[in-house]
Amino acid sequence: MQQVRGEGLRGAGDTFDMANHKTSAFARALLGTALLMAPVALHAEAAPLKVSGQDAARGVTQVAIGAFNVGFIFKSVDSTKAMDGIVGLAQGTTRAESTLVGITPEIMQAITDAAYADFVTKLGAAGYTLQPTAAMFATPLPHAHPETSPLNVNIALEKKATGKVTFVKPSAIPALYLIPGDFTASGMSSMGLNMNSGQTAYALGQYAKTAGVGVIDVVYLIDFSDVQQKGGFSVKVNSGVSIASNYSRATLIAPTGKQAVIKITDGIAVAGDFATMRDTTSGFTKTTQTATKVLGGLSKLGALRGMGGMGGMFKTGGATKQIEFDAKPENYRAGATEAATLANARIVAQLAALR
């Protein structure tokens, strides 16, 4: 089944296809038979939001914003296993390495500040009484672990995908706080960050109980690419701007200490001309991949002829496409800000409905 990150994105496309275009008629017939026999999954479209712990939000009208962080993805690595359609041998991993360049810290800060101001305005319009930020942060929060903004984190995205993200807090909030669920860190270096986030969640919960207000934590992950994995044979990458699904959410910590979590489950995409894509795959990488394909062909030949020894001599290999997105800064800033305000509208409307 096709996997898509950043649903509905628009932009220039670039396809990396591992299919063998010289496949024999016999092989194509085998593949066609396999496709006819494959099960077809029929399911309804996913709901735009997933809510858990909704009872915690009931009756909460006075709130403080403890965290509002926008995470900017600057690098993503998406991969899929490639299989040989004739003998069923693994050919390795098809990888698409995408990098965004040209977005400055000042642009990230402007996007985050605009998104936060819009969120505050929408909360007030929805009937919430917002505690001044200074009141919350003037109170010592034992066990809370503020992080440095901007904060760079290696994260796990969909299955077989990783990324590098930079989290930025609004200028109006003195500290960058993260709680469990705000990020899915990748690698051993994130162990300390995971521990800090757990202790911070406890501290914010204690403040909610003491002050008698709900504490809101918001995190949006902004993606710059739309990646589609097609049946193990290819990876297609497009440019775009979206609020990433399943990694963008809001948490309300109630005065009772319980949490209501609202997760965005479908990408909020904005159309526009945000970046110019360039294939930056090095000549060395391309040459290595060509040589690997030759060895892979010998391995498959041995397998077809029943030459187990020869088949085991060579490892079939995958391939890597390196793509660089040269951002158009003002277009990106406008698109990312619009996507965040659309997310704000969805989150605040759901909070008000739970109340």
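This is a short conversation about reading selected features of a predicted model.

Visitor: Let's start with the backbone. Which peptide bond is cis?

Guide: Look at omega for that one. The bond from Ser149 to Pro150 has omega near 0°, and it is cis. As for where that sits, Pro150 belongs to the loop between helix 3 (133-137) and strand 7 (151-156).

Visitor: And which residues other than glycine have a positive phi?

Guide: Two to look at here are His143, with phi near 80°, and Asn246, with phi near 70°. His143 lies in the loop between helix 3 and strand 7, while Asn246 is in the loop between strand 10 (234-243) and strand 11 (249-253).

Visitor: Why does Asn246 count as partly exposed?

Guide: The label comes from relative accessibility: between 20% and 50% is partly exposed. Asn246 is at 41%, so it gets that label.

Visitor: On to helix packing. At what angle do helix 2 and helix 7 pack?

Guide: Take the angle and the axis distance together. Helix 2 (residues 105-125) packs with helix 7 (residues 329-354) at about 25°, and their axes are 9 Å apart. An angle under 35 degrees counts as roughly parallel, so helix 2 is roughly parallel to helix 7. The crossing of helix 2 past helix 7 is right-handed.

Visitor: Which residues make the contact?

Guide: From helix 2, they include Ile107, Ala110, Ile111, Ala114 and Phe119. From helix 7, among them are Tyr332, Ala336, Ala340, Ile347 and Leu351. By class, the contact of helix 2 with helix 7 has 15 nonpolar, 3 polar and 3 charged residues.

Visitor: Charged ones bring me to salt bridges. How many salt bridges are there?

Guide: The general idea first: side chains of opposite charge can pair when their charged atoms come close. The cut-off used is 4 Å between nitrogen and carboxyl oxygen. In this structure the count comes to 8 salt bridges.

Visitor: Which residue forms a salt bridge with Asp118?

Guide: That's Lys122, with the closest N and O atoms 2.7 Å apart. Both residues lie in helix 2, and they are 4 residues apart, about one turn of the helix. Asp118 and Lys122 also appear among the helix 2 residues in the contact with helix 7.

Visitor: Are those two buried or exposed?

Guide: They get separate labels. Asp118 has 18% relative accessibility, so it counts as buried. Lys122 has a relative accessible area of 24% and is therefore partly exposed.

Visitor: Which salt bridge pairs link distant parts of the chain?

Guide: Check the separation in sequence as well as the N to O distance. Lys328 and Asp273 meet in a salt bridge at 2.5 Å, N to O. Lys328 is in the loop between strand 15 (319-327) and helix 7, and Asp273 is in the loop between strand 13 (268-270) and strand 14 (275-279); the two are 55 residues apart. Lys328 is partly exposed at 28% relative accessibility, and Asp273 is partly exposed at 43%.

Another such pair is Arg278 with Asp326, whose side chains meet at 2.7 Å, N to O. Arg278 is in strand 14 and Asp326 in strand 15, 48 residues apart. Arg278 counts as partly exposed at 37%, and Asp326 does too, at 25%.

Visitor: Which residues are linked with Arg278 in a network?

Guide: Glu324 and Asp326. Salt bridges link them with Arg278 in a network.

Visitor: Now a strand residue. Where is Val261, and is it buried or exposed?

Guide: Val261 is found in strand 12 (residues 259-264). Its relative accessibility is 11%, so it counts as buried.

Visitor: What is Val261 in contact with?

Guide: Set aside the neighbours within four places in sequence. Val261 then contacts Lys50, Val51, Ser52, Arg249, Ala250 and Thr251. For a C-alpha distance, try Val261 and Asp217: they are 44 residues apart along the chain and separated by 9.4 Å.

Visitor: One last residue: where is Gly59 found?

Guide: Gly59 is in the loop between strand 3 (49-52) and strand 4 (62-83). At 55% relative accessibility, Gly59 counts as exposed. The C-alpha atoms of Gly59 and Gly214 are separated by 10.0 Å, with their positions 155 residues apart along the chain.

Terms used:
Residues numbered from 1 in each chain as written. Heavy atoms only, no water. Buried < 20%, exposed > 50% of the residue type's maximum accessible area, 1.4 Å probe, protein only. Axes fitted to C-alpha atoms, helices over the stretch in contact; angles between N-to-C directions. Parallel < 35°, antiparallel > 145°, perpendicular 65-115°, else oblique. Left-handed = near helix turned anticlockwise from the far one by under 90°. Contact = heavy atoms within 4.5 Å. Nonpolar A, V, L, I, M, F, W, Y, C, P; charged D, E, K, R; others polar.
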